[in-house]
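Let us walk through a protein chain, one piece at a time. Keep the 3D view open as you read.

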Amino acid sequence: MEEVISYSFSVQIFKNESGLYSYGVFQEVESDTSNELQLLESGEADTLAEAAETVGRSIKTLFAV
């Protein structure tokens, strides 16, 4: 029987103590034998809009055609 692998993505954005917006993009890879959470990208932005735009670009690169 073929092993089933599933991928989940999550994004976290929060305003830090410096007043900047910290962001992270995570990927969880789950199979019958393992479960792994990977940080794909993280950083800071001046505004929430900039952080969201950067995160959006990061996620789009995962699905490049």
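Helices (H or I, at least four residues) and strands (E, at least two) are DSSP runs, numbered from the N terminus. The model is predicted, so local features need pLDDT of at least 70 and side-chain atom pairs count only at pLDDT 80 or more, while totals for chains, interfaces and linings use all residues. Residues are numbered from 1 along each chain as its sequence is written, and side-chain values use heavy atoms, with hydrogens and water left out.

Start with I5. I5 sits in the segment before β1 (6–15). Is I5 buried or exposed, or something in between? Buried means under 20% relative accessible area, exposed means over 50%, and partly exposed lies in between (1.4 Å probe, protein chains only). I5 has a relative accessible area of 44%, so I5 is partly exposed.

I5 also belongs to a group. Together with Y7, F9, L40, L62 and F63, I5 forms a nonpolar patch on the surface. Their accessible area adds up to about 560 Å². Such areas come from the Shrake-Rupley method with a 1.4 Å probe; for residues, only the protein chains shown count as cover. Patches are made of residues with over 30% relative accessible area and no salt bridge; like charges are joined within 9 Å, and nonpolar side chains (Val, Leu, Ile, Met, Phe, Trp, Tyr) within 5 Å. A salt bridge is a side-chain nitrogen of Lys or Arg within 4 Å of a carboxyl oxygen of Asp or Glu.

Look at F9 in that patch. F9 lies in strand β1. Its relative accessibility is 33%, so F9 counts as partly exposed. Contact means heavy atoms within 4.5 Å. Not counting residues up to four places away in sequence, F9 touches F26, Q27, L40, L62 and F63. F9 and F26 are 17 residues apart in sequence, yet their C-alpha atoms are 5.6 Å apart in space.

Now turn to helix α1. This helix covers residues 48–62, which makes 15 residues. The expected span of a helix is 1.5 Å times one less than its number of residues. For α1 that gives 21 Å, and the end C-alpha atoms are 22 Å apart, which agrees.

Which residues of α1 are buried? They are A51, T54, V55 and S58. These residues cover an arc of only 95 degrees around the axis, so they lie on the same side of α1. The arc is that of the directions from the helix axis to the C-beta atoms. An α-helix has 3.6 residues a turn, so residues three or four places apart point the same way. The face turned away from the buried side of α1 carries the exposed residues A49 and K60. The cover over the buried residues includes β1, β2 (21–30) and β3 (35–45).

V25 shows this packing from the other side. V25 is in strand β2. With a relative accessible area of 1%, V25 is buried. Leaving aside neighbours within four places in sequence, its contacts include L40, V55 and S58. S58 has 9% relative accessibility, so S58 counts as buried. By the same count of contacts, S58 meets V25 and E41.

Finally, find the charged pair. Side chains of opposite charge can pair when their charged atoms come close. The count comes to 1 salt bridge. R57 pairs with E53, and the closest N and O atoms are 2.9 Å apart. The two are 4 residues apart in α1, so about one helical turn separates R57 and E53.
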